[in-house]
Amino acid sequence: MSSLTDGDRMHVLAVDDSSVDRAVISTLLRSSKHRVTAVDSGKRALELLDLEPNVNMIITDYWMPDMTGFELLKKVKGSTEYRQIPVVIMSSENIPTRITKCLEEGAEDFLLKPVRSSDVQRVCSRMMTR
Amino acid sequence: MEGSNMQRQVVYLKKCLFDQGYLDEQFHQLEELQDDVSPNFVEEVVTLFFRDSSRLIGIIEQAFKILLCRQKHPQDFHRLRTHVERLKGSSCSIGALKVKSECTLFGGYCDEGNMDRCLRSFQNVKREHAILRQKLEAYFQLLRQVGPSEKASGSGN
């Protein structure tokens, strides 16, 4: 994982096909003073990782067309280049088997939507103390 | 005097939206994210919601038109479910409680593979979506007239 920038400000890659949820998660992260790049698909997330080396955390929706958040997680964790980047999954469905599957695949956390400010603060604080 | 009357109307409108179950706590969460940097954040997010949700509703309607003309397969209901889950997700994100509830019911009927119930439930989704849109448009229109002091205020219920 790339080292944090000065002031403990992370660069977070937010991935969600919903423009509403992208707006909300971006604002939640920015209100905690983190830099955010928001994309609408797993494919774009992987493209961005190739271009932008200093991503400190990925937060992704589970349910997305074409590439789910779980599939994105697997690709990130399967990559020698990006596997150290912590990945957090978001979902509006509280399905224990889904949560377990994501955590076993290496997700750092699983947030239920709607994501709250306290969720973001908790997750980001944990990432910054790693 | 007129300004304070309008402010009271804004507070009352918002209270009604919560009391009547159209909105839930998530709407308050969005309001708390609103600040000087993003003074219109809530209205912007709600606008995004209605843009996306209207498109999703259109997609679901098209899907039904196709399904009604032919043999249904389990994957058809799975596709419907996927669309309604997206609608439900964004409804959750803005606190659109009644729309979310109707989406939950609709999703359940998709799991059952019950086309009639899916159709009826979808009509309920559309109805609640239209009602919420109307109410929120009225709310934001009044809020714009009142001005920034009311936009910055917290809970009004």
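Is A:H34 buried or exposed, and what is its relative accessible area? Select A:H34 to begin: this residue is buried, with a relative accessible area of 5%, where buried means under 20% relative accessible area, exposed means over 50%, and partly exposed lies in between (1.4 Å probe, protein chains only).

Before going further, keep in mind that this is a predicted model, in which local features need pLDDT of at least 70 and side-chain atom pairs count only at pLDDT 80 or more, while totals for chains, interfaces and linings use all residues. Residues are numbered from 1 along each chain as its sequence is written, chains are lettered from A and ligands numbered from 1 in the order in which they are written, and side-chain values use heavy atoms, with hydrogens and water left out.

**Around A:H34**

Stay with A:H34, which sits in the loop between helix 1 (19-31) and strand 2 (35-39) of chain A; helices (H or I, at least four residues) and strands (E, at least two) are DSSP runs, numbered from the N terminus. Add A:M10 to the selection, and you have two residues that are 24 residues apart in sequence but 5.1 Å apart in space, C-alpha to C-alpha. Leaving aside neighbours within four places in sequence, A:H34 is in contact (heavy atoms within 4.5 Å) with A:D8, A:R9, A:M10, A:V12, A:L29, A:C124 and A:M128.

**The annotated part of chain A**

Next select residues 11-128 of chain A, which UniProt lists, in an unreviewed entry, as "domain: Response regulatory"; UniProt positions are given in the numbering used here, feature names are shortened, and annotations may be inferred rather than shown by experiment. Over residues 11-128 the chain is 45% helix and 20% strand, and the end C-alpha atoms are 11 Å apart.

Now pick A:D61, where UniProt, again in an unreviewed entry, places the feature "modified residue: 4-aspartylphosphate". A:D61 belongs to strand 3 (residues 57-61) of chain A, and A:D61 is buried, with a relative accessible area of 6%. Beyond the neighbours within four places in sequence, the residues in contact with A:D61 are A:V15, A:D16, A:D17, A:G69, A:M90, A:S91 and A:K113.

**Where chain A meets chain B**

Show both chains, and look at the interface, where 16 residues of chain A are in contact with 20 residues of chain B. The area buried between the two chains is about 1,500 Å², of which carbon and sulfur atoms give 61%; buried area here is the accessible area (1.4 Å probe) that two parts lose on being put together, summed over both.

Two salt bridges are counted between chain A and chain B, a salt bridge being a side-chain nitrogen of Lys or Arg within 4 Å of a carboxyl oxygen of Asp or Glu. To see one of them, select A:D17 and B:R86, whose closest N and O atoms are 2.9 Å apart. On the side of chain A that touches chain B, the residues divide into seven nonpolar, five polar and four charged, where Ala, Val, Leu, Ile, Met, Phe, Trp, Tyr, Cys and Pro count as nonpolar, Asp, Glu, Lys and Arg as charged, and the others, Gly among them, as polar.

Then select A:E93, A:R98, B:R81, B:E85 and B:D111 together, since these residues are linked in a network of salt bridges.

**Chain B**

Hide chain A and turn to chain B, which has seven helices and zero strands, and whose C-alpha trace spans about 65 × 30 × 20 Å along its principal axes. Buried residues make up 45% of the 157 residues in chain B. Select residues 44-133 of chain B, where UniProt places "domain: HPt" from an unreviewed entry; this span is 89% helix and 0% strand, with its end C-alpha atoms 13 Å apart.

Within chain B, select B:D76 and B:R79, whose side chains meet in a salt bridge (3.0 Å, N to O). Both residues lie in helix 4 (residues 74-94) of chain B, and because they are three residues apart there, they are separated by about one helical turn. B:D76 is buried, with a relative accessible area of 3%, whereas B:R79 is partly exposed, at 45%.

**A last stop**

Return to chain A and select A:R44 and A:D40, which form a salt bridge with the closest N and O atoms 2.8 Å apart. A:R44 is partly exposed, with a relative accessible area of 45%, and A:D40 is also partly exposed, at 30%.
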